[in-house]
Amino acid sequence: MVNDKQIKVIFFDIGDVLLKIHPQRMITKISNCANIPYEVVESAFPQNAHDTYERGKMTDYDWYMSCKTALPQNNILSEDQFWESWSLLLGNETDVVDILINLKKNYKVWLLSNTNPMHIKNEIESKCVFQKLVDGAIYSYDVGYRKPEKEIYHIACDSAEVNPENSIFIDDLEENIIGANKFGIKGIHYKNTIDLLKELTRLNINHD
């Protein structure tokens, strides 16, 4: 008899879980291109516009312009320079990808990420192994919601055709794990690979 509570789907966040993130590289590049001090670039990041962009409610060009106009007036940051800088935010894949590969033998694996079209289409889809291995992906810019909003977890479970209690979500941000837990998904707060493996073992998840 099948246990209704058994785990069937494991959702993975991308940034700082499957893929290293390097905001300092992006900021340094913008600083050098625009001839603006690093600290000024860092403090000028338009967080509200970024939220809108990750919800798919802003064009790529408007995102560039939001970042450019947030910097000191009459700066020389070109669109090409900005997108080159933006790409530097993403680093190499992590060893969590090896865990994903092993989990895929026994479970469906999905991506669940707050992200944007330029990173997915120009970087992740063309360069990352994990994107080709998963059974599906829920990206915030596609669905109009961001973690930790309950709607995005609902969409994720519906898309993966799984009940919340039959799924696990792995994310590096505790607030996103809390959001998943409130929806009924078992969350694992990712800190490092060793602890992740221990937690999977504790939850009786086969990761060999």
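**A guided tour of the predicted model**

Begin with the whole chain in view: for its 208 residues a compact globule would have a radius of gyration near 17 Å, and the value of 18 Å for the protein chain agrees with this. That radius is taken over C-alpha atoms, and the globule rule is 2.2 Å times the number of residues to the power 0.38. The model is predicted, so local features need pLDDT of at least 70 and side-chain atom pairs count only at pLDDT 80 or more, whereas totals for chains, interfaces and linings use all residues. Residues are numbered from 1 along each chain as its sequence is written, and side-chain values use heavy atoms, with hydrogens and water left out.

**The whole chain**

Display the C-alpha atoms, which fill a box of roughly 70 × 30 × 25 Å along the principal axes. Switch to a cartoon to see 12 helices and seven strands; these are DSSP runs, helices being H or I of at least four residues and strands E of at least two, numbered from the N terminus. Of the 208 residues, 50% count as buried (under 20% relative accessible area, with a 1.4 Å probe and protein chains only). Among contacts (heavy atoms within 4.5 Å) between residues at least 6 apart in sequence, 68% join residues at least 24 apart.

**Helix α3**

Select residues 47-54, which form helix α3. Which residues of α3 are buried? They are Ala 49, His 50, Tyr 53 and Glu 54. Looking down the axis of α3, one finds these buried residues within an arc of 135°, so they line one face of the helix; the arc is that of the directions from the helix axis to the C-beta atoms. An α-helix has 3.6 residues a turn, so residues three or four places apart point the same way. To see what covers this face, add α4 (60-70), α5 (79-87), α7 (117-127) and α9 (140-143), which are included in the cover. Then move to Gly 56, which follows α3 and has a positive phi, near 75°.

**Helix α4**

Select α4 next and show the side chains of its buried residues, Trp 63, Tyr 64, Ser 66, Cys 67 and Lys 68. The buried residues of α4 pack against α3 and α5.

**Asn 176**

Finally, centre the view on Asn 176, in helix α11 (residues 174-183). Is Asn 176 buried or exposed? Asn 176 is buried, with a relative accessible area of 2%. Select Lys 147, Pro 148, Tyr 153, Phe 169 and Asp 171 to display its contacts, leaving aside neighbours within four places in sequence.
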